[in-house]
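Reader: Could you walk me through this structure, one question at a time?

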2 protein chains.
Amino acid sequence: MQPHLSHQPCWSLPSPSVREAASMYGTAVAIFLVILVAALQGSEPPESPFPYHIPLDPEGTLELSWNVSYDQEIIHFQLQVQGPRAGVLFGMSDRGEMENADLVMLWTDGDRTYFADAWSDQKGQIHLDTHQDYQLLQAQRVSNSLSLLFKRPFVTCDPKDYVIEDDTVHLVYGILEEPFQSLEAINTSGLHTGLQQVQLLKPEVSTPAMPADVQTMDIRAPDVLIPSTETTYWCYITELPLHFPRHHIIMYEAIVTEGNEALVHHMEVFQCTNESEAFPMFNGPCDSKMKPDRLNYCRHVLAAWALGAKAFYYPEEAGVPFGGSGSSRFLRLEVHYHNPRNIQGRRDSSGIRLHYTASLRPNEAGIMELGLVYTPLMAIPPQETTFVLTGYCTDRCTQMALPKSGIRIFASQLHTHLTGRKVITVLARDGQQREVVNRDNHYSPHFQEIRMLKNAVTVHQGDVLITSCTYNTENRTMATVGGFGILEEMCVNYVHYYPKTELELCKSAVDDGFLQKYFHIVNRFGNEEVCTCPQASVPQQFASVPWNSFNRDMLKALYNYAPISVHCNKTSAVRFPGNWNLQPLPKITSAVEEPDPRCPIRQTRGPAGPFVVITTEADTE
Amino acid sequence: MQPHLSHQPCWSLPSPSVREAASMYGTAVAIFLVILVAALQGSEPPESPFPYHIPLDPEGTLELSWNVSYDQEIIHFQLQVQGPRAGVLFGMSDRGEMENADLVMLWTDGDRTYFADAWSDQKGQIHLDTHQDYQLLQAQRVSNSLSLLFKRPFVTCDPKDYVIEDDTVHLVYGILEEPFQSLEAINTSGLHTGLQQVQLLKPEVSTPAMPADVQTMDIRAPDVLIPSTETTYWCYITELPLHFPRHHIIMYEAIVTEGNEALVHHMEVFQCTNESEAFPMFNGPCDSKMKPDRLNYCRHVLAAWALGAKAFYYPEEAGVPFGGSGSSRFLRLEVHYHNPRNIQGRRDSSGIRLHYTASLRPNEAGIMELGLVYTPLMAIPPQETTFVLTGYCTDRCTQMALPKSGIRIFASQLHTHLTGRKVITVLARDGQQREVVNRDNHYSPHFQEIRMLKNAVTVHQGDVLITSCTYNTENRTMATVGGFGILEEMCVNYVHYYPKTELELCKSAVDDGFLQKYFHIVNRFGNEEVCTCPQASVPQQFASVPWNSFNRDMLKALYNYAPISVHCNKTSAVRFPGNWNLQPLPKITSAVEEPDPRCPIRQTRGPAGPFVVITTEADTE
């Protein structure tokens, strides 16, 4: 089955006239392009395979594989296109929109096929990039499919190009079903398009060896009939065997039912609280009215996987305790099915495979919640495009709760509800920001994976951890308050660390008394609209604020100034000793120093026009 | 005297070995550079002369000439260096600092001379640019001086390069007195350096023909002995002849005493108010205790020139009335001498030459003041790096005061006191920003010239003019309030327009009652620190605000929300009829659409290293 290369006419084109390379923009450029294409055809594809794969569209027409060279700061992409198509677009945009996107275009004018680095404007109209930063390395036909190999630097310094960072990337794609006379004739609005979220720059963490006594346990949905609706969160309760002894989970990975790769979006395994002896069995949509309320107590994350993520290995020196006395036997599996084409009748048994060992590792890994307390005191006015709320884990709390040698955070899972757009946690010491723990500038509430950190972060006694979430409430008419409800908001970073401590939760919220002063000022400037009487609830008070610019700006000013109440807790109900109210906001005098973007020295002169693609055909033997 | 070219060894170097071109960074690059330098030597200097000139340093060692091609968006620079030097640096930075500057470097390692596009980091250390956007076209030796010809696009899209716009540009320069082994060995802190402010992108406005009856009048300082201190503002009062009839000024230009080109920084001619019959004669420093207070009433700008500015031509259809009854005969000339090297004994008779005609033009040109009222109600907290205050000329005022056909603004002079850093005036119509009237993102209070607008702006009845100033009060310990004093602030745009109307002043300030509400809130959050009693003055109240983040943010929120008092005045004391207090802030829903920067397609591959300079010698015959 090893394909061998041979030069062949153009891919699925009516009039193949390929080897004459000619640009659409004149002879001078064309001569240059001939040389360029020839040079490209001569270069070898990179030797390393492509460790990462995802389907782009639910039909499986487009499949993306990639690898990352951190030395060269380059990604190699392999895009596989099924069936005869007139062309394809692939790229990246801020939040998956087809407008203002950084694109690779492959299209035909009915005669020749062209490849170009392009961009779409705010109306979806496509234009050629001044600099051609996506470099085509190979275009190969294998029976009815086309495989494109191209590369791009992380940062190109072309203002029209997306900056690839290690956070969520919203990939966009589109399929062209007909020829276009020119690139400028294409508008994304007329195409079959879609988006896929993925972390492109996976951290380079070495894989610890598995011990000889490793065992596995599959937590899987039992032959679920995937509903033919766009979004389903499926809940399934299972339990560990009776008297299952204490083990350490040291790795887990997804098991996705073959054929459903494009439908299974993300999965999580939660452990139920140990405070209840038993939990009712359940197998159905999480929003079902039949779902027992008790299952809300199954919220301790054991494993989380999202599309594109590979196996998750705990550091060699740590494992997650599981089984034995002191932890619940009940587990909840949650599977997010994403079925935008409403495919019917598909059955699924996807889930997560836990790899565990009885040879306990030197450290227990724990999870700590950073960010905001779930309280309506923290609210976002409606019609805000970028409103930031911040929660603090203060120096006083880390001083009291962390061991002298500190803790090491090695992974992180960011969490908000529907209006969350960005999340960041920064470590500060002695009043200065030192290090970003985790950051996602393209965060999506629909793509929450546990991410290994590129560099583990050591938190010492006296350090401060600052977690900020940015929200977009453009579509809301009322204030969005903090809380558990899906229409309320959260700002949380679940950090995975070792050695495990008693500190489970280190979060904050604004002081209640200062918020009441805010409502008083609102009344002073307006006409007594907010009830500051004792019987008014905070959500009611926020609901009656008239959201003019003054009241918006003043709420921001309040959150940036007023003292906070700190939750420095052993469990969600038990605080460390001391008075944690009316704490001053940590004073931070300097921000994390960010390195300047390194603009690549361009290897080739950016051609002024797109260039003609010469495909090679690989016969399958 | 026509120089003829001949190839000659390197410029003032001990060991000339020039024609072998070799880079410091290896043979491969060197081969490329040979070709490049050869190609550059072959290219012709542009045919157009250099209409603009300025001395860079007070000694006259460095002189810059330039021209602008708006079609190609390129500037050609000619830098003339006097005397034997080991090298020179020239470039641009945000506000004239030597750190974070975009630089051209010419230096020698003792053997060869190199030219490179470079940048300085925040410590002044020099680095090579990834992209070489300054292109050397010619290096020519004329007796004891060197002339460098190079060009650069306005916008390079290299993040290390300055974006050249049509506002103030802070040019920086430095002289190298010794060889350096490499570019990276150079730090700007060890060099003899300086800065010069200039508008590089002068607007392309055609020059109207002068009528046959044009006459001139010189307003000049009478043989002043320039003080040997860095900064002197010299004031000189003169008067028009008795019974001098009404004329129109149609052009003016600077007359700078030969040899003093680097010392005369800017000059203005003011007309005194007509309300006084006579003004005392005065000739001395403007800050002299001997200066009569009455001269503060000589503030109506007739002409303003600053370094690098050429003659100022009024549009063909308009002139500035001058002479005759109804205007004062008394004029004040103000000359700003900039003498940082404390040169002694220099005499000067610089001034401004007014060109005027008795054939009155169809329109009288007028000056209108936009921005903020001179009142302490508008204040800037201390220790702010970028605090913005905004003044409004409202739709109600333009509706009442402008003619039906509107007015045309053709020139603008921006004005603040010492903490001003940026000024912009935008025209809005129907709630949407439409056009920038004038903008300076690198405004300096020490460089205030009347600038012709690239495109005249028509203001209609009902339009809104919004003027915003950005201040830096990092060095202040107290709030800076609005007012006339040099340590108080202003935010003004003097717009020059025709036809002249009765509207002399269209400005605003926050409503006094709302500011008192602000002081009440400050007290509510703090501990009753601001006296809100009737006898407290606003400057006293601002002086007692504790400047925590809440009080800062809330002041911004107040200025962005509270109603305003509008000064829609015929003269500074006479308002148009109506109640102008408690006016709502104009609601603006959309900002001016800015075009994306056009990144140039690079003509040449950016070399990875600096390249060797081959000078040609021009014998003066």
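Reader: How exposed is A:Arg341, as a relative accessible area?

Author: Happy to help! This is a predicted model, where local features need pLDDT of at least 70, side-chain atom pairs count only at pLDDT 80 or more, and totals for chains, interfaces and linings use all residues. Residues are numbered from 1 along each chain as written, chains are lettered from A and ligands numbered from 1 in written order, and side-chain values use heavy atoms, without hydrogens or water. Buried means under 20% relative accessible area, exposed over 50% and partly exposed in between (1.4 Å probe, protein chains only), and A:Arg341 is partly exposed, at 35%.

Reader: Which residue does A:Arg341 meet in a salt bridge?

Author: A salt bridge is a side-chain nitrogen of Lys or Arg within 4 Å of a carboxyl oxygen of Asp or Glu. Here the N to O distance is 2.6 Å, and the partner of A:Arg341 is A:Glu59.

Reader: How far apart in sequence are the parts that this pair ties together?

Author: A:Glu59 sits in the loop between β2 and β3 of chain A, and A:Arg341 in the loop between β22 and β23. Strands (E, at least two residues) and helices (H or I, at least four) are DSSP runs, numbered from the N terminus. The pair therefore links parts separated by 282 residues.

Reader: Are B:Arg451 and B:Glu449 buried or exposed?

Author: Their side chains form a salt bridge, at 3.0 Å from N to O. B:Arg451 has a relative accessible area of 7% and B:Glu449 has 5%. Both values are under 20%, so each residue counts as buried.
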